[in-house]
Amino acid sequence: MKKIAVVTGATSGIGKAVAQVLAAQQFNLILTGRRKERLDALKAELGRKYKCDVLPLCFDIRDREATEQMIASLPAVWKKIDVLVNNAGLSAGLEPLHEGNPDDWNQMIDTNIKGLLHISRVVSALMVERRSGHIVHISSIAGRDVYPRGNVYCATKAAVDALTLGMRMDLLPHGVKVSSIAPGMVETEFSLVRFKGNQERAARVYEHMTPLSAADVADALWYVVSRPAHVCVQDMLLMPSAQANATQVHRMPSPESPMNDSSK
Ligand code: NDP
Ligand code: 8X3
């Protein structure tokens, strides 16, 4: 029988790549996000390529009632969740705190922290009942290494790290593993969302360097979830070779620009 994974934020970037890897590894998938047409397209693609069953759940993870109701109303067979990938998240804006937009702060806090809690609460309870399961958080280098103007986004990812440790302790006696993968720069829709659709500004983030791809993160995730039952990779920091920490990125020379080390 195929295992079941829930991947939050599967409409794009890392979540979509994780869905593809898990489908290739014979999982059936519950995929979440707000963009229904993308969820439906991914269901069709994965069903065709890997013959896996996909249940698309379209909801906003900030909405606690909707999240609880979605999981509560799953058919019994879909409630046997083996893996939860807490990936849905975003950064909004890159301003110093005194110029920041509190609506952006709320969106990040409500999605990256409270959204993760909403779905973890209900899915972990199902895992505890079955005394089995694995929850993987997609945290970030931003949670360990604060950078200028990253303020609230960095704080949300530090909170994810604290929750990884807290949940690991609480779920330890119940046979449920908790892991964290903290990537550095990954080229997805992340910067486009951060800069509110400004494509030029988003593209500059990855100029003259090779960032991680979403597939690189999905590959790491497969390593984490495919360990034997007695092994738990609690924490993985996954950086592009060209990035040493949150601020130091080695950008390769181009004909127009001299070699430089620069921050984002
Ligand atoms: P993308 O913007 O490509 O994907 C973000 C995903 O999150 C989308 O599927 C989006 O779905 C979903 N999402 C956002 N808000 C909500 C919401 N309110 N309700 C439900 N789903 C939501 O970015 P990434 O793939 O890069 O980001 C995935 C995770 O990886 C995030 O947690 C991010 O913080 C983290 N990360 C990213 C890094 C990077 O450099 N890209 C590095 C380190 C960590 P939809 O819009 O359809 O709802
Ligand atoms: C995303 C990576 O360093 O751009 O979490 O914040 S970073």
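**Asking how we know**

Student: Leaving aside neighbours within four places in sequence, which residues is G9 in contact with?
Tutor: In this predicted model, G9 is in contact with G15, K16, T32, N87 and A88 once those neighbours are set aside. G9 itself sits in the loop between strand 1 (3-7) and helix 1.

Student: What makes G9 count as buried?
Tutor: Its relative accessible area is 17%, and buried means under 20%, so G9 makes the cut.

Student: How far apart are G9 and G33 in space, C-alpha to C-alpha?
Tutor: They're 4.8 Å apart, although 24 residues separate them in sequence.

Student: How do you know that the length of helix 1 agrees with 1.5 Å a residue?
Tutor: Compare two numbers: the twelve residues should span 16 Å, and the end C-alpha atoms are 17 Å apart, so the two agree.

Student: Which residues of helix 1 are buried, and what do they pack against?
Tutor: The buried ones are G13, I14, G15, A17, V18, A19, L22 and A23. Their packing partners include strand 1, strand 2 (27-33), helix 2 (36-50) and helix 8 (214-225). Just after helix 1 comes Q26, with a positive phi near 75°.

Student: Let's move on to S91. Why is S91 called buried?
Tutor: Its relative accessible area is 0%. Buried means under 20%, so S91 qualifies. You'll find S91 in the loop between strand 4 (83-86) and helix 4.

Student: What makes the link between the side chains of S91 and R194 a polar contact?
Tutor: The distance is 3.0 Å, and the cut-off for a pair of N or O atoms is within 3.5 Å, so the pair passes on distance. Not counting residues up to four places away in sequence, S91 touches M108, Y153, F190, V193 and R194.

Student: And why is I119 called buried?
Tutor: Same kind of check: I119 has a relative accessible area of 0%, and the limit is under 20%, so I119 is buried. I119 belongs to helix 4. With neighbours within four places left aside, its contacts include V6, T8, F59 and I61.

Student: Now helix 5. How do you know that its reach is close to what's expected at 1.5 Å a residue?
Tutor: Helix 5 (residues 151-171) has 21 residues, and its first and last C-alpha atoms are 30 Å apart, against an expected 30 Å. Its buried residues include Y153, K157 and D161. The buried residues of helix 5 pack against helix 4 (102-130), strand 5 (133-138), strand 6 (176-183) and helix 6 (190-194).

Student: Which residues are closest to ligand 1?
Tutor: Of the 30 residues surrounding ligand 1, the closest are T11, S12, R34, Y153 and T188. Helix 1, helix 5 and helix 6 each supply at least two residues of that shell.

Student: What makes T188 a polar partner of an oxygen atom of ligand 1?
Tutor: An N or O atom in the T188 side chain is 2.6 Å from that oxygen, and the limit is within 3.5 Å, so it counts. K157 has a side-chain N or O atom 2.9 Å from an oxygen of the ligand, and for T11 the distance is 2.7 Å. Taken alone, ligand 1 exposes 870 Å², and the protein buries 96% of that.

Student: How many residues of each class are in the shell around ligand 1?
Tutor: Twelve are nonpolar, twelve polar and six charged.

Conventions
Residues are numbered from 1 along each chain as its sequence is written. Chains are lettered from A and ligands numbered from 1 in the order in which they are written. This is a predicted model: local features need pLDDT of at least 70, side-chain atom pairs count only at pLDDT 80 or more; totals for chains, interfaces and linings use all residues. Side-chain values use heavy atoms; hydrogens and water are left out. Helices (H or I, at least four residues) and strands (E, at least two) are DSSP runs, numbered from the N terminus. The expected span of a helix is 1.5 Å times one less than its number of residues. Buried means under 20% relative accessible area, exposed over 50%, partly exposed in between (1.4 Å probe, protein chains only). Contact means heavy atoms within 4.5 Å. A residue is near a molecule or strand if one of its heavy atoms lies within 4 Å of it. A polar contact is a pair of N or O atoms within 3.5 Å; within protein, one must be able to donate a hydrogen and the other to accept it, and residues adjacent in sequence count only if both atoms are side-chain atoms. Accessible areas come from the Shrake-Rupley method with a 1.4 Å probe; for residues, only the protein chains shown count as cover. Ala, Val, Leu, Ile, Met, Phe, Trp, Tyr, Cys and Pro count as nonpolar, Asp, Glu, Lys and Arg as charged, and the others, Gly among them, as polar.
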